[in-house]
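Thanks for making time this morning. I would like to walk you through one model and the ligand it holds, so please have a look at it before I go on.

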Amino acid sequence: MVMTDPNEEGRFGEFGGRFVPETLIPACEELEIAFRDAWADPAFVSEFHRILTDYGGRPSPLTECYRLSEQLGVRILLKREDLNHTGSHKINNVIGQALLARRMGKSRLVAETGAGQHGVATATAAALLDMDCKVYMGQVDVERQELNVFRMHLLGSEVEAVSSGSQTLKDAVNEALRDWVATVENTHYCLGSVMGPHPYPWMVRTFHHVIGDEAHEQCLKLMNSVPDVVVACVGGGSNAAGIFSGFADTDARLIGVEPAGGAAVGRGVPGVVHGMNSYLMQDEVGQVQEAESISAGLDYPGVGPEHAYLSSIGRAEYPAVTDQEVIEAFQLLSKTEGIIPALESAHALAWVVREAATLQDQVVLLNLSGRGDKDVDQMMDVLGTESSQ
Amino acid sequence: MNLNSDVGRMESFLRGRRDDGAKLLVVYITGGYEGWEAAVETAAAAGADAIEIGIPFSDPVMDGPVIQEASHAALEAGATPASVLAAVPNLDTGVPHAIMTYYNLAHHPGHERFAATLANSAIDAAILPDLPLVESGPWRQAATDAGVETIMLAAPTTPDDRLPELCAASRGFVYAVGLLGVTGERSALASTATEIAKRCKSVTDKPVLTGVGIGSPEQAVEASVVADGVIIGSAVVRRLLDGSGADGVGELVASYRAALDAG
Ligand SMILES: Cc1ncc(COP(=O)(O)O)c(C=O)c1O
């Protein structure tokens, strides 16, 4: 198996590990033991799947894009994570971690969020399971994702605007880690992607494995084969890891699309921050750089360690697309298929559009990680009145 | 080379002071922040037994608001590891120097190169708070080979069965983290501070210093009943942020020194 368990030190190849203050080491160990134990417990796994089904809306459909496929000359299938409760794939991981936190006797969740999708999902799980919740969000993101801030408040969560550093996702992670260092006895850090110290990258991927499993089965049912290409956007890399894990042992090409302004894998320099050794955007001395893209959810200078590994062994490719390509893809899917994608997910489509000439007559499975409702405000500013006429 | 062999300059200096009956005072100052060099010299003159120089990092996860602000300002002013380290050999302190920074700044240039740079910059020891014992082996080896002592942090959550190994691995002194949390002054000494110092002292005869959360000379005295001394950081850096300058730092350090000496 290509996407197998990490080794005892939490490494995928040379990437991963557990680079956190000593204070948090016992909590990471406790979490790893609890996760192994829970995942081996049929009662836990069945409750996880029951909630994802009855509450989350799984399985998510596989949608064939007839008009878009014809236009591009590429057969495009969408895995519809946008139809999950709370509007993105994030709910899979959050339900898993919240159930685990409860099982560990923790009464409080903290989370970081960029676009607000993971924060909303965590606030939702906290409401569902009656837990306290505090979400850290960069000041810049609080301003560009106002609606999600209000949603989190409605769901009963506290939202703290982080005004240190670059005031975006990476600083929200720092602040959530600082909270956890101080509250580790009663608090679980509900990390939102396949990043952070061991066991997070592996655990979060495991909770998202359901995306790849379902999609694999749905593809077999539809066409009796797997797609030629599987493509997903990559911020930290959780939706990509989820769908890749269903196809890593097939012949399908795996493509993780990064924003041009946040291409951690693309630049390929290893570094250590947020508990992990992975590819990291940094300056010539090792200061972490700020990512910058049109989508808050991908504004992350690092990437999950398993993606660094998949890239290093050549199993997956990590191209980058520009904001302009994303804006065009966002509109294209809306107009041809009646689906407004999240700006994050539009990155994956932007790559397909750009590469269409090389993908003629191939089958491309695209993980539509979220819906674009949260982005329409921002896109109104970008597009002006042009598209409202 | 055996990681636990030879006693370095930091450890022998602090052991010597302890043997003389002193309670130890280590003072942290953010390198690269305006006026930091004068502050380091004044702190040493006012009675610090060692100086911890912060090399500012973009993502200081173990630091609270005061040190974050100073680090950010220093980075904005153009501070780099090279610019901070280049200044150290010219500082007139008469006491050992440690750097305190985050692991990526050692990882990026490579362990050997970073350790050699420290050794050539009048740095005796290093504190990397996001490099826990389980991940620290390769760095500690490189540091030891270059003659740099790696000071390990023991946390209130560190289990008893790991503490002996952690204290044995630590060089220079053992940094007992006084509370669950990040750097910053607190209004009272946490009960965890005495406990962790006591637990460390029971498994090592290396100097054990308590840091994180010390906010007044009285707390320093209280913490030093069990510990061999304290590390003060945010209280000092706050003097720089509020414009009190090197004189303000000197006065503050002198007040801690006097309190610790009076016992
Ligand atoms: C819809 C959507 N897709 C993707 C991402 C990026 O996260 P990841 O790379 O972990 O899937 C986000 C993050 O906020 C998101 O909201």
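**Where the ligand sits**

In chain A, domain 1 (11–51 + 90–200) and domain 2 (57–88 + 209–388) both give residues to the shell around the ligand, so the ligand lies between them; the domain bounds come from an automatic or database domain assignment. Before going further, I should say that this is a predicted model, in which local features need pLDDT of at least 70 and side-chain atom pairs count only at pLDDT 80 or more, while totals for chains, interfaces and linings use all residues. Residues are numbered from 1 along each chain as its sequence is written, chains are lettered from A and ligands numbered from 1 in the order in which they are written, and side-chain values use heavy atoms, with hydrogens and water left out.

The C-alpha centres of the two domains lie 22 Å apart, and their contact, meaning heavy atoms within 4.5 Å, takes 35 residues from domain 1 and 41 residues from domain 2.

Which residues are the closest to the ligand? Of the 18 that surround it, with a heavy atom within 4 Å, the closest are S193(A), G235(A), G237(A), S238(A) and S369(A).

Turning to polar contacts, that is, pairs of N or O atoms within 3.5 Å, a side-chain N or O atom of S193(A) is 2.5 Å from an oxygen atom of the ligand. Backbone polar atoms take part as well, with G235(A) placing one 2.7 Å from a ligand oxygen, and G237(A) likewise having a backbone N or O atom 2.7 Å from an oxygen atom of the ligand. Of the 400 Å² of accessible area that the ligand has on its own, the protein covers 97%, as computed by the Shrake-Rupley method with a 1.4 Å probe.

How values were computed. A polar contact is a pair of N or O atoms within 3.5 Å; within protein, one must be able to donate a hydrogen and the other to accept it, and residues adjacent in sequence count only if both atoms are side-chain atoms.
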